[in-house]
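Me: I've just opened a structure that is new to me. Can you walk me through it?

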Amino acid sequence: MKGLERQITVAMITKDEERAVAKVIGDIIAILPEAQIVVVDSSSDRTPEIAQALGAQVIRQFPPRGYGIAMDTAFRASQREVVVTLDCDDTYPVEFIEPMARMVLEDGYDLVDGSRLVRKPSAMPWVNYIANWSFALFASSLFFRRISDLHSGMRAYRKTLIEKLNYTAEGAALPVELLLKPIRSGYRVKSIAIPYRPRIGESKMVPLQSAWWTLRRICTSRFA
């Protein structure tokens, strides 16, 4: 276990998460005290100070330049073999970080996707669930593969996959491209079911913008 956690980076994108950040980072440290924690932050509240005080490597992106560019920055800052992404709102189960990373390091997967949508989570509003389900069904029909969750914020990526992958960081819905392009390129991708909990704080998603970028990334990943 000690050797494994030294091979893991936990990457999070934060914007005004001071209500949740201490709990999320504390939960990570309790399970994986030697993992690298990278936080790319665009907050106007105390989120970066709290994260840094708890030992996270904080990279400021202010004024904000968007989720995709922030995630790309977090990937590039990773110094470990596996990068596990996680939203900093307490919706995702930190206890899944280690088993997902182990699937990459020991079982040979290049990407492990934590799917929230094997069935509807009680913490997810119906409108969000229907939109996510519809986009996933559309992608499944194009890629000839059952895909249940295009937008999961919790995945384990092999660092060398990210380094080789040609993706567009600008714009919303980057997780869509980070899942579909590896599938199209023949990488070993595994999906597992994870629980999804009520969030702490407010959602930062802009629905229409996210929907447009989701469709764009599905189509470019398949046809470009």
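Reply: Sure, we can go through the sheet, a helix pair and a few single residues.

Me: What kind of model is this, and how are residues numbered?

Reply: It's a predicted model, where local features need pLDDT of at least 70 and side-chain atom pairs count only at pLDDT 80 or more, while totals for chains, interfaces and linings use all residues. Residues are numbered from 1 along each chain as its sequence is written, and side-chain values use heavy atoms, with hydrogens and water left out.

Me: OK, the sheet. In what order do the strands come?

Reply: The order is E3-E2-E1-E4-E6-E5-E7, seven strands in an open sheet with mixed pairing. Helices (H or I, at least four residues) and strands (E, at least two) are DSSP runs, numbered from the N terminus. Two strands pair if DSSP finds at least two bridges between them.

Me: Which strands are the edges?

Reply: Strand E3 (57–60) and E7, each of which pairs on one side only. On average, neighbouring strands of this sheet are turned by 20° against each other, direction ignored. For angles like that, axes are lines fitted to C-alpha atoms, for helices over the stretch in contact, and angles run from 0 to 180 degrees between N-to-C directions.

Me: Which helix packs on the sheet?

Reply: Helix H4 (residues 67–77) does, touching strand E1 (8–14), strand E2 (36–41), E3, strand E4 (82–85) and E6. Its direction makes about 150° with that of E2. Touching, or contact, means heavy atoms within 4.5 Å.

Me: Let's stay with E1. Which way does E1 run relative to E4 and E2, parallel or antiparallel?

Reply: E1 and E4 run parallel, joined by four bridges, and E1 and E2 also run parallel, joined by six bridges. As examples, Thr9 has Val83 as its bridge partner in E4, and Ala11 stands opposite Val38 in E2.

Me: And how covered is E1?

Reply: Mostly covered, with seven of its seven residues buried. Buried means under 20% relative accessible area, exposed over 50%, and partly exposed in between (1.4 Å probe, protein chains only).

Me: Which residues of E1 point which way?

Reply: Ile8, Val10, Met12 and Thr14 point one way, and Thr9, Ala11 and Ile13 point the other way. In a regular strand the side chains alternate between the two faces of the sheet.

Me: What does Thr14 touch?

Reply: Leaving out residues up to four places away in sequence, Thr14 touches Val39, Val40, Asp41, Ser42, Ser43, Thr47 and Cys88. Its relative accessible area is 1%, so Thr14 is buried.

Me: How do E5 and E6 pair, parallel or antiparallel?

Reply: Strand E5 (residues 111–115) and strand E6 (residues 155–158) run antiparallel and are joined by three bridges. Val112 has Ala156 as its bridge partner in E6.

Me: Switching to helices: how do H8 and H9 sit against each other?

Reply: The axes of helix H8 (residues 174–185) and helix H9 (residues 207–223) come within 9 Å and cross at roughly 15°. That makes H8 and H9 roughly parallel, because angles under 35 degrees count as roughly parallel, over 145 as roughly antiparallel, 65 to 115 as roughly perpendicular and the rest as oblique.

Me: Which residues meet there?

Reply: From H8, Leu174, Val176, Glu177, Leu180, Lys181 and Arg184 meet Thr214, Arg217, Ile218, Thr220, Ser221, Arg222 and Phe223 in H9.

Me: What comes after H8? I see Tyr187 there.

Reply: Tyr187 is in the loop between H8 and strand E7 (189–193). At 25% relative accessibility, Tyr187 counts as partly exposed. Tyr187 touches Asp110, Leu161, Lys164 and Pro182, with residues up to four places away in sequence not counted. The C-alpha atoms of Tyr187 and Leu111 are separated by 7.8 Å, though the two are 76 residues apart along the chain.

Me: Now backbone oddities. Where is there a cis peptide bond?

Reply: Between Phe62 and Pro63, with omega about 5°. Pro63 is in the loop between E3 and H4. Most residues other than glycine have a negative phi, and most peptide bonds are trans.

Me: Which residues other than glycine have a positive phi?

Reply: Asp90, with phi near 70°, and Phe144, with phi near 55°, are among them. Asp90 is in the loop between E4 and helix H5 (97–105), and Phe144 lies in the loop between helix H6 (126–143) and E6.

Me: Are those two buried or exposed?

Reply: Asp90 counts as buried at 11% relative accessibility, whereas Phe144 is exposed, with a relative accessible area of 72%.
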